[in-house]
Amino acid sequence: MTENRSEAETNDGGSLRPRAFDGVRVVELAQWVFVPVAAALLADWGADVVRIEPIEGDPYRGLATQGVGTDGQGPNLSMALANRGKRSIALDIRTEDGLAVLHELLASADVFVTSLRPGALARLGLDADSVRVRYPSLVYARGHGFGVRGPDADKPGYDSSAFWARGGVGHVLTPTEREYPISQRGAMGDRSGAMALAFGIATALRERDRTGEGTVVDVSLLATAMWMLSSDLLAALNGGAAGPVAGRGPGVNPLTGTYRTKDLRHIQLMFLQGDRYWPAFARILGREDLVDDPRFASMAARREHNAECVKVLDDLFAEHTLEEWKEILADLDAPWAPVQSVHDVVDDPQVLANGYVGEVASADGHGYRLPAVPVQLDERPPTLRRAPEHGEHTEMLLLELGYEWDRIGALQDKGVIP
């Protein structure tokens, strides 16, 4: 394990705070979001992640979307979120010299993580079998679209295609009355898959501590979608109904529905134990008469008279605005929530109290905010560190490998490094 600690985290007293992956070096050969985010999660907890970018840079650096990429002012926040806390080396691994540098990095590494397809890895001699023979203690981790076996193993797969479309997510979430599937939000499958890949890498490192041998970790976007849709898959595997719904969904329990407020916002009820919550809910609504109304007094009765119950609740919720309902329901000890916009979420008191958004200091001294990893240790989120500029640490990393300046200059002359 490497002893390098880049921008080490400190505790409130200013002393070094040990982190789970301190001393672990990760070499990342990946682009876009899925695999880079997995490596960023490891960097959050102390790993020294060396990110290898092509000479022209990761194409994700040029993505313009929603004002957070190259179309926004200031740093590219999409890149910042996917690559925080790493070091970047720009390297042409298609050249003999570039591939040699990569192998020197692998010789110092604990983890190799990649998003390259099997065919490309094989052409470079970086397939799992070849790398494991050369570095038997290395954890070899792959993130891919469709799995490493089968007819589509070598096909390109982004989260909108492999996760959202082929994995069934878009179909399940699209109301039946729509002519086209709803659109996926940015990188949903990528970031979900990244959590699984980071977990797999952590598991493999723990296993290596016991056996001394590395192993191969695989996560696909297709499998990630299937895991997310486990409830639907259980139904499909056992002959049950699984798929999109119309309108507000099936009329089974009116206390697990969404209701519109006076200002056209919504409240989500999730009273799975309806009989437990119904009396208190009816009273807080100011409708004591509903408690013992024979149409609504039990789960079975509410199911039989679902449309009537929904109509009563529709009329009641339409009497007040969302903010008024938040006050009315504030003391109700039952699972409910306002349906919030993303702008609501970032200012949510619970988000602020729990540090679910972190501050990052950029290279020029100006800060910006990013969503923090949802995992916390000892009630603390990890300290978020800035993402590197393209190739920012190229010379530093080569010097760490023992390269002299004249040798570095020769690589620049050959176009192996910028």
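Which elements each supply at least two residues of the lining of the largest cavity? The elements in question are α4 and β5. This report describes that cavity, a pocket, two groups of strands and one buried histidine in a predicted model.

## Confidence of the model

The pLDDT of the chain averages 90, and 93% of the residues score at least 70. Over residues 1-15, however, the pLDDT is below 50. Beyond near neighbours in sequence, this stretch of residues 1-15 has 34 contacts in the model.

## The cavity

Rolling a probe the size of a water molecule over the atoms shows where empty space is left. The count of cavities of 30 Å³ or more comes to one. The largest cavity holds about 50 Å³ of space.

The lining of the largest cavity consists of L116, P118, L121, R142, G143, H144 and V148. Strand β5 provides the largest share of this lining, with three residues. By class, four of the lining residues are nonpolar, two are polar and one is charged.

## The second largest pocket

The second largest pocket contains about 850 Å³ of space. Two or more residues of its lining come from each of α1 (34-44), β2 (48-53), α4 (118-123) and β5 (139-144). Among these elements, α4 gives the most to the lining of the pocket, with four residues.

In total, 38 residues line the second largest pocket, and Q31, W32, S115, L116 and R117 lie nearest its centre. One of these, L116, also lines the largest cavity. The residues of the pocket lining divide into 20 nonpolar, eight polar and ten charged.

## Strands β7, β8 and β9

Strand β8 covers residues 266-269, and its side chains alternate along the strand. I267 and L269 point to one face and are buried. H266 and Q268 point to the other face and are not buried.

Strand β8 pairs with two strands described here. With strand β7 (residues 258-260), β8 pairs in the antiparallel sense over three bridges, and T258 has Q268 of β8 as its bridge partner. The hairpin of β7 and β8 has five residues between the strands, and in this hairpin L264 takes a positive phi near 65 degrees. With strand β9 (residues 336-338), β8 again pairs in the antiparallel sense, over three bridges. Here the bridge partner of I267 is P338 in β9. Thus I267, whose side chain is buried, takes part in the pairing with β9, while Q268, whose side chain is not buried, is a partner in the pairing with β7.

## Strands β10 and β11

Strand β10 (residues 357-361) and β11 form an antiparallel pair over five bridges. Within this pair, V360 has Y368 of β11 as its bridge partner.

The side chains of β11 (residues 367-371) also alternate. Y368 and L370 point to one face and are buried, whereas G367, R369 and P371 point to the other and are not. The partner of V360, Y368, therefore belongs to the buried face of β11.

## A buried histidine

H393 is found in the loop between β11 and α17 (394-400). Because its relative accessible area is 10%, which is under the 20% cut-off, H393 counts as buried.

Leaving aside neighbours within four places in sequence, H393 is in contact with K86, R87, S88 and P388.

Technical notes: Residues are numbered from 1 along each chain as its sequence is written. This is a predicted model: local features need pLDDT of at least 70, side-chain atom pairs count only at pLDDT 80 or more; totals for chains, interfaces and linings use all residues. Side-chain values use heavy atoms; hydrogens and water are left out. On a 1 Å grid over the protein atoms alone, a cavity is a set of points where a 1.4 Å probe fits but cannot get out, and a pocket is an open set with protein on both sides within 12 Å along at least five of seven lines; lining residues have an atom within 4 Å of a point. Grid points are joined across faces, edges and corners, and a volume is the space filled by probe spheres set on the points. Ala, Val, Leu, Ile, Met, Phe, Trp, Tyr, Cys and Pro count as nonpolar, Asp, Glu, Lys and Arg as charged, and the others, Gly among them, as polar. Buried means under 20% relative accessible area, exposed over 50%, partly exposed in between (1.4 Å probe, protein chains only). Two strands pair if DSSP finds at least two bridges between them. Contact means heavy atoms within 4.5 Å. pLDDT is the predictor's confidence in each residue, from 0 to 100.
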